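Work through the exercises below with the sequence and the 3D structure at hand. Try each task before reading its solution.

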Amino acid sequence: MSSDVFKMLVFAVAVAVVVAMYRSSTGDPVPRRATKSERAARALGLLPASRQNKRLPAPDPELERALVAASARDDWEPAARLMAATRERQDWPRRFAHTHALGEAAARRVGGWLDAWEAARPQDPDAALVRASSTVSRAWLLRGTRRAADTSGRRLAGFFDVLPRSRDQIARAAELAPEDPTPYVVELRTARGLNYPHKKMHRVWQEITGRAPHHPGGHHSALQYWCAKWHGSEELATRFAQVAAASAPLGTLLRTLPLLAWWEHHGDKAKARDHRTPELVALVDAALADVAAAPPDHPDLPGARHCLAYFLTRQGRFEAALEQFRLVDGYVAAFPWTYYGDPAAVYCHWRDKAVRGARGR
């Protein structure tokens with residue numbers, strides 16, 4: 001090989017390495033050949049991991065427009081209109097979903113649109129609610145997702161500095177809209193982080209169920225409190241989920257709760273056969289019936305579909321799983337994908353497994 005050719009090869013390799021490093025640092029994945037599973041998924045119109053939305057569990061055009069207006073232009077008015085509509089309709093599940101999304105957005109950006117909203121409308125119950133939610137979200141962002149034993153002292157100090165501030169903000173939001181359960185649903189994450197004793201937790205729970213007995217977001221958040229990793233046990237979490245599921249009317253989407261409780265205490269450690277026991281199959285069947293009976297515009301319906309897509313795939317019920325995946329594809333901010341560092345990659349792993357299984361049948 002001549003020296004000129006050798007130099008050209010060395011130069012080409014160096015350029016390729018630099019490009020790969022740049023793409024890695026900017027989040028632009030290095031191009032690679034799609035696997036057979038990925039090609040099969042794309043043939044069905046399903047999206048690759050790079051095109052999955054990691055902020056929402058499903059399309060919500062009005063919420064997405066409000067988030068863009070707030071983050072890009074510091075325009076709070078679309079968010080204010082959105083929140084006022086949920087309060088006026090007493091659409092409590094959707095109100096909580098929007099509160100959480102807007103609170104997360106505000107928590108990631110100091111000042112700006114939420115400050116302007118509060119300055120313009122100091123007695124607005126919607127602004128007060130989003131402020132409380134943003135403080136809770138900010139505290140949890142500071143803390144991170146690791147267990148306390150694996151979390152740095154600096155992170156924990158920030159967490160315990162910020163989270164207590166949410167209590168007065170939650171109380172103010174509740175005072176401004178006495179009929180609204182959402183401030184108390186927001187408080188559930190405060191209860192978990194500040195180690196509310198069981199008696200105090202029960203008081204918060206009564207405030208929620210007295211206003212919205214079958215609130216999906218409230219039940220999901222409360223379940224976390226009762227899990228063994230926080231302030232309960234597997235027995236307490238399972239009992240809480242079973243009672244809620246059994247007492248809720250069909251279509252209220254609480255029949256996924258026992259599945260969540262099971263996953264929280266088995267999760268990735270479970271073997272393939274553990275997912276296929278008659279008991280767990282029956283729980284999935286009950287959740288399927290709940291989803292079939294739910295209003296098509298229920299804000300918690302996509303989250304239930306994500307949950308079912310995962311469990312159905314683990315049970316080898318690939319056609320049914322693929323049906324759920326088709327209905328949520330493009331959005332991955334839901335259980336169980338958000339439990340992982342790369343939700344889109346994990347989502348696509350199980351979705352593509354369902355595609356392979358369904359095609360193989």
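A residue is called buried when its relative accessible area is under 20%, exposed when that area is over 50%, and partly exposed in between. Keep in mind throughout that the model is predicted.

**Exercise 1. An overview of the protein**

Task: State how many helices and strands the protein has, and what percentage of its residues is buried.

Solution: Begin with the secondary structure, where the protein shows 18 helices and zero strands. Next, turn to burial: of the 361 residues in the protein, 48% are buried. Then consider the surface, which amounts to about 18300 Å², with carbon and sulfur atoms supplying 54% of it. Finally, look at how contacts are spread along the sequence: among those between residues at least 6 apart, 69% join residues that are at least 24 apart.

**Exercise 2. Classifying A106 and finding its surroundings**

Task: Decide whether A106 is buried or exposed, and find which residues it contacts beyond its neighbours within four places in sequence.

Solution: First locate the residue, which is found in helix α5, covering residues 92–107. The relative accessibility of A106 is 10%, and because buried means under 20%, A106 counts as buried. Leaving aside neighbours within four places in sequence, A106 is in contact with W113, L114 and S134. As a further step, compare positions along the chain and in space: A106 and T135 are 29 residues apart along the chain, while their C-alpha atoms are separated by 8.7 Å.

Now follow one of these partners, W113, whose own contacts, with the same neighbours left aside, include A70, D74, D75, W76, L102, A105 and V130 as well as A106. W113 also appears in the largest nonpolar core, which has 88 residues, and there L102, W113, W117, L223, F311, F325 and W337 touch the most other members. Apart from this core lies another, made of five residues, among them A40, A41, L46 and V355.

**Exercise 3. Checking the length of helix α7**

Task: What span should helix α7 have, and how far apart are its end C-alpha atoms?

Solution: Helix α7 runs through residues 125–143 and so has 19 residues. The expected span is 1.5 Å times one less than the number of residues, which gives 27 Å for α7. The end C-alpha atoms of α7 are 27 Å apart, and this agrees with the expectation.

The next step is to examine the surroundings and the two ends of the helix. Because 15 of its 19 residues are buried, α7 is largely enclosed by the rest of the structure. At the N-terminal end, D124 acts as a cap, with a side-chain oxygen 2.8 Å from the backbone nitrogen of D126. After the helix comes G144, whose phi is positive, near 90°.

**Exercise 4. Reading salt bridges**

Task: Which parts of the protein does the salt bridge between K229 and E264 tie together, and how is each of the two residues classified by accessibility?

Solution: Start with the pair itself, in which the closest N and O atoms are 2.9 Å apart. K229 lies in the loop between α12 (216–226) and α13, whereas E264 lies in helix α14, so the pair ties together parts that are 35 residues apart in sequence. With a relative accessible area of 31%, K229 is partly exposed, while E264, at 16%, is buried.

For practice, apply the same reading to another pair: R89 and D91 meet through their side chains in a salt bridge with an N to O distance of 3.8 Å. R89 counts as exposed at 52% relative accessibility, but D91 is buried at 17%. To place these pairs in context, note that the structure holds 20 salt bridges, and that R87, R95, D126 and D180 are linked in a network of them.

**Exercise 5. Two buried threonines**

Task: Where do T182 and T256 lie, and which residues does each touch?

Solution: T182 lies in helix α10, residues 182–193, and is buried with a relative accessible area of 0%. Not counting residues up to four places away in sequence, T182 touches W92, R95, F96, T99 and L129. T256 is placed in the loop between α13 (234–247) and α14 (257–266), and is likewise buried, at 5%. With the same residues left out of the count, T256 touches H220, A287, A304 and C307.

Terms used: Residues are numbered from 1 along each chain as its sequence is written. This is a predicted model: local features need pLDDT of at least 70, side-chain atom pairs count only at pLDDT 80 or more; totals for chains, interfaces and linings use all residues. Side-chain values use heavy atoms; hydrogens and water are left out. Helices (H or I, at least four residues) and strands (E, at least two) are DSSP runs, numbered from the N terminus. Buried means under 20% relative accessible area, exposed over 50%, partly exposed in between (1.4 Å probe, protein chains only). A polar contact is a pair of N or O atoms within 3.5 Å; within protein, one must be able to donate a hydrogen and the other to accept it, and residues adjacent in sequence count only if both atoms are side-chain atoms. Contact means heavy atoms within 4.5 Å. A nonpolar core is a set of buried Ala, Val, Leu, Ile, Met, Phe, Trp, Tyr and Cys residues joined through side-chain atoms within 4.5 Å. Accessible areas come from the Shrake-Rupley method with a 1.4 Å probe; for residues, only the protein chains shown count as cover. A salt bridge is a side-chain nitrogen of Lys or Arg within 4 Å of a carboxyl oxygen of Asp or Glu.
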